[in-house]
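Me: I have a structure open and would like to know what stands behind the labels people put on it. Could you go through some of them with me?

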Amino acid sequence: MNKSERWFERAQAVIPGGVSSPVRAFRSVGGKPPYVAKAKGSRITDVDGNEYVDLVGAWGPAILGHAHPDVVAEVANVAKNSFSFGAPCPPEVELAEAIVSRVNAVEKVRFTNSGTEAVMTALRIARAKSKRDVIVKFAGCYHGHADSMLVAAGSGVATLGLPDSPGVTKGAAKDTITLAYGDVKALEEVFAARGNEIAAVITEAIPANMGVVPPPPGFNKRISELCNQYGAVFIFDEVMTGFRVSADGWWGIEGTREDWAPDLFTYGKVIGGGMPLAAVAGNAEIMDLLAPAGPVYQAGTLSGNPVATTAGLVTLRNCTPDVYMHLDAMADQVFAIISDALTKHRVAHQSQRAGNLFSFFFTDKPVHTYDDAKTQDTAAFGRFFHAMLENGVWLPPSAYEAWFVSAAHTDDDLAIIARAADVAARAARQ
Ligand code: KE4
């Protein structure tokens, strides 16, 4: 056994599945996960000394690349004065101001410690504001693991949700309606049938947790229109896309151009720079419903702590226009390299992207919904994944995830990816 295998064996004795988050265990691609010793820039190194080009980026936070010197230095400085005060501190104000200055539909921010908490808080605000219970979500969109978000579609379009995990009660699921992503007609039907019960519609800005599904033109705008028409809250989940696909997220690309705005945003990942930090944000009126300004309770021991807010603040400050241009250029190149290799080796695939988020489905038909995504050949993806890993490229270990580049990825990384992709496409083809 190598060191990673020994760590995995030890981990499984004391941690369920040996991991702190399920996707990391490689169950959907097979094999055992390498254990990571360190990461720097675009590279990640396992405990056996193997180095990989990293296309996971800690699932989004490592937008500048791992261990950016400015972020590390500033965090080290702040950490010397204690990690957390349980009291207000200047960096949390500066980070909130940095978010407000970047997104003109946002006037106030409340920090949480995870995207799940940010979504939970957004849902609670929406239900308090509308005095209604029903939430509408879309199949294949992931919004964290709050009970009301782990809900599968009911039998009919407007019927109550069913628990999508043991431990989620019927009570927790009954107020969540799950529709097929992009199905405007179904959404209009649900509003027509139950518009006065709907507290909120929540969607991923770009669905990227079923693989990347570009939002159909006008879909997000239509959600906004229906929410405004029926008095529901539009929650735009930018945990993955916020400050990654542009300086003001996907809304900054699509919403400002088409002149619509969600009522609440959820953010995470990039705004914590790799530290546990996320946020719910929106206009002052709706955000001031949160205690202690308003009656809606929400709290967190470590929320807004100086170390996490400093990591996020220095990360955002380093996300310059040049960084976004580089991210888009790197995404263009990796997208083309992989697509070309799969095409050359005649692997049935769909290359799909929105902004600098992209992924590849091993299926011969375009993926617009979660049902479409489930037609992909995950065994072929598993072979592709492991061939890439063996050739020095660490992809997200699931066919249902987005791929991430960073400001630190270079032409040297692209050369490694290109060599690995040729071998991996052949392996997928088998
Ligand atoms: P966290 O609770 O994991 O911080 O955020 C939940 C969340 C909410 N909304 C969106 C759009 C998200 O993508 C996420 C979390 N994303 C996954 C990546 N597919 C996190 C990785 C994991 O679960 O290990």
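Me: What makes Ala 208 or Tyr 370 a contact of Tyr 400?

Reply: Gladly, and first a word on the source. This is a predicted model, where local features need pLDDT of at least 70 and side-chain atom pairs count only at pLDDT 80 or more, while totals for chains, interfaces and linings use all residues. Residues are numbered from 1 along each chain as its sequence is written, and side-chain values use heavy atoms, with hydrogens and water left out. Contact means heavy atoms within 4.5 Å. Leaving aside residues up to four places away in sequence, Tyr 400 touches Ala 208, Asn 209, Met 210, Gly 211, Tyr 370, Ala 373, Lys 374, Gln 376 and Thr 378.

Me: Where is Tyr 400 found?

Reply: Tyr 400 sits in the loop between β15 (393–394) and α14. Helices (H or I, at least four residues) and strands (E, at least two) are DSSP runs, numbered from the N terminus.

Me: How do you know which residues come nearest to the ligand?

Reply: A residue counts as near if one of its heavy atoms lies within 4 Å of the molecule. There are 16 residues around the ligand, and Ser 21, Thr 116, Asn 209, Asp 237 and Glu 401 come nearest. By class, this shell has five nonpolar, seven polar and four charged residues; Ala, Val, Leu, Ile, Met, Phe, Trp, Tyr, Cys and Pro count as nonpolar, Asp, Glu, Lys and Arg as charged, and the others, Gly among them, as polar.

Me: What makes the pair of Lys 269 and the ligand a polar contact?

Reply: A polar contact is a pair of N or O atoms within 3.5 Å; within protein, one must be able to donate a hydrogen and the other to accept it, and residues adjacent in sequence count only if both atoms are side-chain atoms. A polar side-chain atom of Lys 269 is 3.1 Å from a ligand nitrogen, so the pair qualifies. A backbone N or O atom of Gly 115 also lies 2.9 Å from a ligand oxygen.

Me: Why is the crossing of α3 and α10 called left-handed?

Reply: A crossing is left-handed if the near helix is turned anticlockwise from the far one by less than a right angle, and right-handed if clockwise. α3 (residues 90–102) and α10 (residues 306–318) pack at about 35 degrees with axes 8 Å apart, and α3 passes α10 in a left-handed crossing. Axes are lines fitted to C-alpha atoms, for helices over the stretch in contact, and angles run from 0 to 180 degrees between N-to-C directions. The residues of this contact divide into seven nonpolar, three polar and four charged.

Me: What makes Phe 26 and the bond between Ala 291 and Pro 292 worth a look?

Reply: Most residues other than glycine have a negative phi, and most peptide bonds are trans. Phi of Phe 26 is near 70 degrees, a positive value, and a cis peptide bond with omega of about 0 degrees joins Ala 291 and Pro 292. Phe 26 is in the loop between α1 (3–14) and β1 (36–40).
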